[in-house]
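Welcome, and please get your viewer ready. We will go from the whole fold to one metal site and then to a few residues around the chain.

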Amino acid sequence: MEIERIELYPLLHVLARPYGDANGYKKYRTCFLFRIITRSGLDGWGECIDWLPTLMLGFEQRIIPFLIGKQATNRLQLVKIINKWHQRAAAGVSMALTEILAKKAAVSISELWGGRQHQTIPVYASFQSYTDAADWKNISLQRIEQAVSDGFRHLKVKIGGRTIREDQDHIIELQKFYQDTVQLALDANQSYDAAAAFQWERLFREWPNLMWLEEPLPMDRWADYKLLRTTLSVPLAGGENLKNARQFLPLLMEGALDMIQPDTMHHDGLDSYRDSLQLARQFGVRASSHAFDGALSRLYAIFAQACLPPWSKMEESGIEPVEWDVMENPFTRLFSLRPVKGAVQVPDGIGLGVEVDQEMLKAFRWDGRIYK
Ligand code: MG
């Protein structure tokens with residue numbers, strides 16, 4: 001199980017039309033995949049995100065020389081050390097080493113993690129609602145129409161990037177068409193204060209199809225979250241950028257959230273990520289993983305969700321949905337997993353149980369030129 005070599009796959013796609021959320025526009029999408037190969041021939045894929053030149057330098061100069069010759073079974077120790085240099089690289093390494101272990105045991109990732117409790121996991125279509133076009137609302141509604149006709153029944157739409165009036169007009173229009181057919185989440189990306197969030201309550205009260213309001217406020221305003229949780233008629237969700245269960249703990253102790261949203265890529269490794277999911281279950285709080293930045297990290301979120309006990313006895317599946325990026329992003333198709341009627345079948349083959357698209361790795365390979 002000695003690590004012999006590591007291959008790097010930096011991928012870049014420049015967007016035809018930038019899109020974004022309350023924090024600004026994305027002009028490109030990237031993906032950084034790597035493959036760790038052991039002397040015995042077992043391999044595992046990892047994924048992380050940052051500016052590609054930073055990742056290339058970090059892996060070539062430090063992470064690869066460090067990992068060569070180490071035992072793939074020493075996952076926790078290796079990930080802890082790399083975490084001191086680059087937290088997201090450490091998360092990616094934990095993915096690759098987890099897959100190698102599953103292959104060694106000849107089991108799927110979900111079997112390695114105690115076994116699937118769900119064969120399919122619902123996914124929600126996740127939008128970046130804003131463009132620089134004057135008719136951004138129409139562009140957004142057209143994208144939503146496409147996702148609904150593709151079979152999605154859970155959607156997440158952005159707010160907080162325009163005036164409250166303009167955002168409300170957008171959501172009112174959306175609700176006019178889809179209120180009876182879809183479940184809806186609204187994500188403000190920490191843009192509001194409590195008073196601004198409360199301006200939505202008049203509408204929230206009329207909308208029975210709201211799944212959650214995501215990060216209305218900065219995540220360190222626990223007292224305001226607690227206040228909103230008691231005054232708004234919509235569940236509150238958040239925590240996509242938190243790194244470990246310790247950071248979720250005070251929010252849960254304070255009763256500030258109805259749902260946590262850990263991200264496999266943003267945590268201190270997959271093991272740490274799964275601790276946060278378990279913590280949510282211990283507190284009787286829902287967990288819906290954030291998974292916007294990568295296809296492999298999303299696949300791990302689906303495996304983890306499949307291994308969680310149901311949060312509720314009220315619904316047939318009783319399992320919360322996982323995020324599915326439906327924006328222009330070719331990298332969401334890197335792995336052969338596609339939603340059907342808004343749900344994905346959990347792969348059950350050895351290791352990941354799905355293949356990476358080798359043609360895409362070639363077609364989108366970053367050419368090494370600096371991009372901004
Ligand atoms: Mg969010």
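What percentage of the 372 residues of the protein count as buried? The share is 57%, where buried means under 20% relative accessible area, exposed over 50% and partly exposed in between, with a 1.4 Å probe and protein chains only.

Before you click further, note that this is a predicted model, in which local features need pLDDT of at least 70, side-chain atom pairs count only at pLDDT 80 or more, and totals for chains, interfaces and linings use all residues. Residues are numbered from 1 along each chain as its sequence is written, and side-chain values use heavy atoms, with hydrogens and water left out.

**Whole chain**

Start with a cartoon view: you should find 13 helices and 12 strands, taken as DSSP runs numbered from the N terminus (helices are H or I, at least four residues; strands are E, at least two). Switch to the C-alpha trace, which spans about 60 × 45 × 35 Å along its principal axes. Now turn on contacts, meaning heavy atoms within 4.5 Å. Of those with a separation of 6 or more, 73% join residues 24 or more positions apart.

A surface view comes next: the protein exposes about 15,700 Å², and carbon and sulfur atoms supply 49% of that. These areas come from the Shrake-Rupley method with a 1.4 Å probe; for residues, only the protein chains shown count as cover.

**The magnesium ion**

Select the magnesium ion and show its partners. Asp187 (OD), Glu214 (OE) and Glu240 (OE) coordinate the ion at 2.0 to 2.2 Å. Donors here are N, O and S atoms within 2.8 Å of the metal (3.2 Å for Na, K and Ca); water is not among the atoms, so sites may look incomplete. Along the chain, the donors follow the spacing D-x26-E-x25-E. Glu214 sits in strand E7 (residues 210–214) and Glu240 in the loop between strand E8 (236–238) and helix H10 (245–253), so this pair ties together parts 26 residues apart in sequence.

Are these two glutamates buried or exposed? Glu214 is buried, at 0% relative accessibility, and Glu240 is buried too, at 8%.

**Along to Asn244 and Gln247**

Stay in the loop between E8 and H10 and pick Asn244. Asn244 counts as buried at 12% relative accessibility. Leaving aside residues up to four places away in sequence, Asn244 touches His267, Asp268, Ser272 and Ser276.

Finally, move into helix H10 and select Gln247. Gln247 is partly exposed, with a relative accessible area of 31%. For a last distance, pick Gly41: its C-alpha atom is 38 Å from that of Gln247, and the two residues are 206 apart along the chain.
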